[in-house]
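I opened a fresh page for this chain and wrote down what I looked up, one topic at a time. Pull up the model and follow along with me.

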Amino acid sequence: AGASATMYSVDGLRFAHLYQIAKGFQMCNGNSPGSPKIYVDCNNAWFRGGKSVASVVTLLIRLAVVGFVAVPVCDGTRPIGKQATPMRAAAREKARIESFVLRAKITELQHKLNTQQLDGEERDDIEKELADSNTALKRKETASQNAISDNFVEELREGLALERAHDEQGSAGGSVAEVYLAEYQADPVLVQSVLSKECVLVI
């Protein structure tokens, strides 16, 4: 469901709070005893986090430290009919082109400031436009590079192994499970894990 279907939201939750909520769900819903499982959509975590494998590894370990068994789930090969990947590629290309146009505009504005006789109001207007253009350029440059690696799953597995994330983390008994590769997208795996009471929470 989209954000518009969310009935309640809570700010300021820490992972320790999530763990207590999960333990409550575990008792009420008849989930398996022991460390509660939390399934994590790692592709989504990459986009919403630091856009790096390291940021996903850190998230998983932090969940394990408070007591979760964190199960990383990654998207598999998408079916031919899936349009998200081509649409993202088109969006990146559009952002790349818009970045080129903005850089040209910034160069022109800077040239005006340096070479033309301008009154105070004209100079203020150009400086404001220049600042706005620089801000827009940063956004477009980020968007043009917003692509997850084709080797993401392998890099995530290597990152977790290097950090010994599959060992017990801290004193609460949590750990990070082996990476689960979905057939297509992670979403159905997460839904099924909740319906079957295999896990308590998903991210």
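My entries below go from the overall fold to the core, the surface and the salt bridges.

**Entry 1: the overall picture**

I began by noting that this is a predicted model. I then looked up the secondary structure and found seven helices and five strands. Reading from the N terminus, I wrote the order down as α-β-α-α-β-α-α-α-β-β-α-β.

Next I checked burial: the chain has 203 residues, and 31% of them count as buried. For the accessible surface I noted about 13000 Å², with 53% of it belonging to carbon and sulfur atoms. I also looked at how contacts spread along the sequence. Taking contacts between residues at least 6 apart, 74% join residues at least 24 apart.

**Entry 2: the core**

Which residues have the most contacts inside the largest nonpolar core? I found Cys42, Val56, Leu60, Leu63, Phe152, Leu156 and Leu160, in a core of 28 residues. I then listed the elements that give two or more residues to this core: H1, strand S1 (37–41), helix H2 (42–48), helix H3 (53–65), strand S2 (69–74) and helix H6 (152–162). H3 gives the most, with eight residues.

I picked Leu63 for a closer look. Setting aside neighbours within four places in sequence, I found Leu63 in contact with Phe15, Ile38, Val40, Phe68, Ala70 and Ile203.

**Entry 3: a nonpolar patch outside**

I turned to the surface and found a nonpolar patch formed by Leu13, Ile21 and Phe25. Together these residues have about 240 Å² of accessible area. I placed Leu13 in the segment before helix H1 (15–29). Is Leu13 buried or exposed? My note says partly exposed, with a relative accessible area of 43%.

**Entry 4: salt bridges**

How many salt bridges does the structure hold? I found four, and I wrote up three pairs, including Glu198 with Lys37.

For Glu198 and Lys37, the side chains meet at 2.5 Å, N to O. Glu198 sits in the loop between helix H7 (186–195) and strand S5 (201–202), while Lys37 is in strand S1, so this pair ties together parts that are 161 residues apart in sequence. I looked up exposure for both partners. Glu198 is partly exposed, at a relative accessible area of 37%, and Lys37 is partly exposed too, at 29%.

I went on to Glu129 and Lys105, where the closest N and O atoms of the salt bridge are 3.2 Å apart. Glu129 belongs to helix H5 (residues 120–144) and Lys105 to helix H4 (residues 84–115), so the pair ties together parts that are 24 residues apart in sequence. Glu129 counts as partly exposed, with 32% relative accessible area. Lys105 is also partly exposed, with 33%.

My last pair was Asp167 and Arg164, whose side chains meet in a salt bridge at 3.1 Å, N to O. Is Arg164 buried or exposed? Arg164 counts as exposed because its relative accessibility is 57%, and the cut-off for exposed is over 50%. Asp167, at 35%, counts as partly exposed.

**Entry 5: a note to come back to**

I marked two places to revisit on screen. One is Leu63 with its contacts, Ile203 among them; the other is the salt bridge between Glu198 and Lys37.

Key: Residues numbered from 1 in each chain as written. Predicted model: local features only at pLDDT ≥ 70, side-chain atom pairs only at ≥ 80, totals over all residues. Heavy atoms only, no water. Helix = DSSP H or I, 4+ residues; strand = E, 2+ residues; numbered from the N terminus. Buried < 20%, exposed > 50% of the residue type's maximum accessible area, 1.4 Å probe, protein only. Contact = heavy atoms within 4.5 Å. Areas by Shrake-Rupley, 256 points an atom, 1.4 Å probe, with all protein chains shown as cover. Patch = residues over 30% accessible without salt bridge, like charges linked within 9 Å, V, L, I, M, F, W, Y side chains within 5 Å. Core = buried A, V, L, I, M, F, W, Y, C linked by side-chain atoms within 4.5 Å.
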